[in-house]
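Welcome, and thanks for taking a look at this one. Below is a short tour of confidence, contacts and charge pairing.

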Amino acid sequence: MYVAVKGGEKAIDNAHALLAEERRGDPAVPELSIAQIKEQMTLAVDRVMSEGSLYDADLAALALKQARGDAVEAIFLLRAYRTTLPRFAASLPVDTAKMTINRRISATFKDLPGGQVLGPTFDYTHRLLDFSLMADAAEAPRAAAAPADDAAMPRVVDILNHEGLIEADSAPADAEPGDLTREPLTFPAGRDLRLQNLARGDEGFVLALAYSSQRGFGNNHPFAGEIRLGGVEVEIVPEELGFPIVIGEAELTECHMITQFTGSKTQPPQFTRGYGLTFGRNERKAMAMAIVDRSLRAGEFDEERRFPAQDEEFVLGHSDNVEASGFLQHLKLPHYVDFQGELVNVRALRAEAETVR
Amino acid sequence: MSETGYNFAYLDEQTKRMIRRAILKAVAIPGYQVPFAGREMPLPYGWGTGGIQVTAAVIGADDTLKVIDQGADDTTNAVSIRRFFQKTAGVDTTTETAAASLIQTRHRIPEEPLTEAQILVYQVPIPEPLRWMEARESETRKMHALTEYGVMHVRLYEDIAHLGRIVKSYDYPVRVNGRYIMAPSPIPKFDNPKMDHMPALQLFGAGREKRIYAVPPYTSVVSLDFEDHPFEVQTWSDGCALCGATDSYLDEVVIDDKGGRMMVCSDTDYCEKRRAAGHLGPMSAPYAETEAAR
Amino acid sequence: MNVLAASFAPGLDPDPPLLAVRGLAKHYGTTLGCRDVAFDLWPGEVLGIVGESGSGKTTLLNCLSAQIEADAGEILYRCRDGEEVDFRTLPEARKRALLRGEWGLVHQNPRDGLRLRVSAGANIGERLMAQGARHYGGIRGEATGWLTRVEIDAARTDDLPLHFSGGMQQRLQIARTLVTQPRLVFMDEPTGGLDVSVQARLLDLIRGLVDEVGASCIVVTHDLAVARLLAHRLMVMKAGCVVEQGLTDQVLDDPHHPYTQLLVSSVLQV
């Protein structure tokens with residue numbers, strides 16, 4: 001019985017013991033190590049870091065192990081841990097133009113300074129199950145190392161910017177961005193908070209919204225201006241030093257979507273930006289985020305706001321999978337007090353209906 | 001006995017201070033929803049994260065904590081939250097309403113009247129009472145600010161027009177201190193009158209929606225109604241099957257698959273106290289016998 | 001207020017005007033919505049604003065009824081308690097209080113002015129409840145009374161307006177607006193989307209009810225026939241400016257401004 005009058009404590013203990021046993025699975029099979037998850041389940045780790053908003057691959061791998069591979073549960077674990085951490089400093093904005101590139105493609109130009117770099121991608125794999133992976137490989141696969149290329153790789157938006165063809169970055173450089181995790185979200189939210197929310201937002205939700213706007217539930221005809229993936233240096237300025245020092249490198253995926261804007265009475269036609277950024281490697285999320293970012297900017301360009309992807313309160317209010325999952329699953333909690341109220345109601349209404357008949 | 005690695009009552013002191021500031025503002029403006037920077041808690045959203053944060057911000061080492069869900073101390077979620085504070089704050093806990101200095105609740109107000117020495121913390125899923133009629137936060141905040149509440153009565157009017165009565169049976173909206181309309185959280189409307197001029201401080205925490213609100217001691221809390229359709233609470237034809245109480249909120253327990261039901265107090269502490277004092281219901285063995293059988 | 005009252009001598013009412021508008025202007029970016037609009041409205045008077053689409057008449061109405069914010073000018077209103085206020089400088093709370101009590105707005109599309117998913121009765125009752133009415137029976141009585149007055153069967157009181165015809169929805173919207181006995185009512189093409197056969201009857205109804213309630217009324221229409229039937233006085237707008245104003249019959253029968261002459265001659269005998 002799940003709510004025995006005096007059984008609650010014992011039931012919970014037993015449930016936890018069962019959970020631990022099931023997590024481990026068959027003891028005859030060797031236990032997964034954190035290193036294995038970190039090295040071989042990299043994209044899952046990257047997603048958990050992004051939506052958990054904590055750049056720590058070991059902890060993300062631990063969360064995935066503890067959550068038995070459930071990404072949303074792992075994200076929740078990481079968030080609950082993160083919220084207790086003290087803050088030592090805020091980093092300077094990272095400069096993605098100086099990224100050490102692993103992959104960089106543009107769908108808007110055939111060639112461009114620095115060239116297209118295909119990098120590690122599923123894109124042109126034929127999606128055929130590789131049965132050789134069923135067995136342990138004798139030797140680890142190796143890719144031929146590319147010759148080091150020091151050519152500058154300016155961002156496509158910066159190239160367009162020289163011609164004035166694309167809008168300038170909307171935020172003034174000295175504007176202090178808000179912090180979604182330290183201040184309550186109120187509407188209308190600025191673009192800084194919107195981007196933070198989308199970066200933490202559920203990949204499936206953001207993907208579906210972006211898709212909806214592509215299918216006509218929105219007014220968005222984007223070009224993938226550039227997708228780049230690689231490492232950037234993270235810098236902070238310690239108060240006692242007064243100058244920036246590098247504290248490490250982070251791998252990021254960045255996407256700029258470019259959307260045409262027909263112009264208005266006050267502005268000439270130009271291209272507009274949508275921006276997406278994730279920790280690690282997650283092109284799908286970065287692209288979807290960039291499209292939704294642009295959709296949410298409809299108001300700035302006097303575009304009619306009719307669809308979910310253009311509705312800030314709708315998108316930001318429902319994107320967080322830790323919130324959504326918790327609220328949805330709280331329906332498992334007992335509600336019998338309220339249900340009793342409804343029973344009393346329905347019986348009374350039915351009795352009245354009987355007498356009328 | 002607090003578990004190493006975390007601060008007293010889990011939250012860091014800076015976060016507690018932020019929450020206390022929100023609570024102070026909430027007490028100063030009864031019924032007003034104060035936005036606060038809710039933290040991710042190690043319990044899922046919707047499971048009492050708001051109540052837990054409020055409790056964590058006001059609890060002290062010498063508090064005695066009682067946690068109930070559906071009126072009972074031993075429902076799984078109540079157990080889980082009580083354990084959380086045993087672990088992280090090492091406070092004493094109790095199931096006795098009168099012995100608690102701090103009571104966290106989901107969906108009920110204890111039957112035993114509370115005192116000035118107590119604080120009642122409610123877990124709130126949807127803090128916005130206007131959400132039924134208006135989904136947009138930007139609009140509902142304006143409606144509160146300008147006391148534009150006509151639409152609340154539209155909803156009640158519709159109930160009467162279509163069903164002959166106001167059918168809202170829980171989370172029944174109230175007006176606090178003659179000003180703000182407030183969601184009392186999904187307590188049954190049976191409990192609404194207890195909120196009015198309650199000697200205890202009532203605090204409400206909505207974690208997912210990141211809002212805190214409050215009803216200070218001895219503040220008027222009026223359930224919305226019409227002059228010719230006054231607010232009324234649930235009643236039952238018989239009392240509690242175990243303790244015979246006729247003044248408590250009853251839960252229905254299904255006892256067989258042939259329509260057999262028994263009605264028992266939802267407040268387990270209240271029921272037990274009455275039985276210990278010798279009150280008997282029609283389906284109860286004398287209290288001493290049940291205790292002996294344990 | 002003598003200065004304000006001096007511009008017209010309509011002989012309708014010796015009282016000071018209910019509404020006096022001065023120098024009202026609205027631009028959209030660099031595009032002109034309307035400018036230099038000035039007029040007075042006396043108690044019980046119906047003022048028609050006519051002009052072709054793009055003339056600025058709807059912009060003007062939206063500025064007056066607080067749907068959009070004007071850039072400049074004064075909207076001086078004499079409240080029920082006698083206080084004179086400049087509506088544009090009132091705090092939001094006072095504005096909204098006026099809009100849900102002393103003022104009323106009838107939208108061209110009744111769907112913009114109704115709650116389609118609550119009953120007709122509640123639609124009418126909402127403004128009463130917003131003003132503090134708390135007797136269900138009383139509110140319902142008012143609602144059915146007003147439904148009858150706008151020629152909707154009282155048996156439809158609990159039906160959703162979602163399923164009403166366009167004409168019924170418009171009549172319901174009028175009842176919902178007039179139930180609080182507003183002193184000033186704005187109407188935007190009140191017969192706009194309706195069949196010609198329905199229009200005439202609705203116009204009669206509006207004229208009768210506005211008269212009964214004693215409200216002053218500002219009606220925007222592109223239809224001079226509507227203007228002739230409803231309005232005591234007319235204001236003709238072109239390219240954002242008022243080009244002519246005067247008593248309805250004078251303006252329509254003896255137009256002075258070339259634009260008004262063109263407008264009048266372009267419609268068949270009205």
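Let us start where two chains meet: the contact draws 47 residues from chain A and 54 residues from chain B. This is a predicted model, and the area buried between chain A and chain B comes to about 4400 Å², with carbon and sulfur atoms giving 55% of that area.

Polar and charged pairing also features here. Between chain A and chain B there are seven salt bridges, and 25 residue pairs are in polar contact, both residues being at pLDDT 80 or more. On the chain A side, helix 1 (8-24), helix 5 (71-82), helix 11 (321-329) and helix 12 (336-356) each supply at least two of the residues that touch chain B. Helix 12 of chain A gives the most, with 13 residues. Sorted by class, this side of chain A has 20 nonpolar, 12 polar and 15 charged residues.

How far can chain A be trusted? Its mean pLDDT is 88, and 94% of its residues reach 70 or more. Confidence is lowest in helix 6 (residues 156-162) of chain A, at a mean of 84, and highest in helix 3 (residues 42-51) of chain A, at 98. Over residues 1-5 of chain A the pLDDT is below 50, and this stretch has eight contacts in the model beyond near neighbours in sequence. Where pLDDT is low, the predicted coordinates should not be read in detail.

Now for the salt bridges, which number 65 over all chains. Here are four of them, with their N to O distances.

| Side chains | N to O distance |
|---|---|
| B:Glu252 and A:Arg347 | 2.8 Å |
| A:Arg194 and A:Glu312 | 3.3 Å |
| B:Arg131 and B:Glu137 | 2.8 Å |
| C:Arg176 and C:Glu126 | 3.1 Å |

A:Arg194 pairs with A:Glu312, and this links distant parts of the chain: A:Arg194 sits in helix 7 (residues 191-200) of chain A and A:Glu312 in helix 10 (residues 312-318) of chain A, 118 residues apart. A:Arg194 counts as buried because its relative accessible area is 7%, and A:Glu312 is buried too, at 12%.

In chain B, is B:Arg131 buried or partly exposed? At 23% relative accessibility, B:Arg131 is partly exposed, whereas its partner B:Glu137 is buried at 11%.

In chain C, C:Arg176 and C:Glu126 meet in a salt bridge. C:Arg176 lies in helix 7 (residues 166-178) of chain C and C:Glu126 in helix 5 (residues 120-130) of chain C, so the pair ties together parts 50 residues apart in sequence. Both C:Arg176 and C:Glu126 are buried.

Finally, back in chain A, salt bridges with shared partners join A:Arg47, A:Glu51, A:Asp202, A:Glu203 and A:Arg284 into one network.

Methods: Residues are numbered from 1 along each chain as its sequence is written. Chains are lettered from A and ligands numbered from 1 in the order in which they are written. Side-chain values use heavy atoms; hydrogens and water are left out. pLDDT is the predictor's confidence in each residue, from 0 to 100. Helices (H or I, at least four residues) and strands (E, at least two) are DSSP runs, numbered from the N terminus. Contact means heavy atoms within 4.5 Å. Buried area is the accessible area (1.4 Å probe) that two parts lose on being put together, summed over both. A salt bridge is a side-chain nitrogen of Lys or Arg within 4 Å of a carboxyl oxygen of Asp or Glu. A polar contact is a pair of N or O atoms within 3.5 Å; within protein, one must be able to donate a hydrogen and the other to accept it, and residues adjacent in sequence count only if both atoms are side-chain atoms. Ala, Val, Leu, Ile, Met, Phe, Trp, Tyr, Cys and Pro count as nonpolar, Asp, Glu, Lys and Arg as charged, and the others, Gly among them, as polar. Buried means under 20% relative accessible area, exposed over 50%, partly exposed in between (1.4 Å probe, protein chains only).
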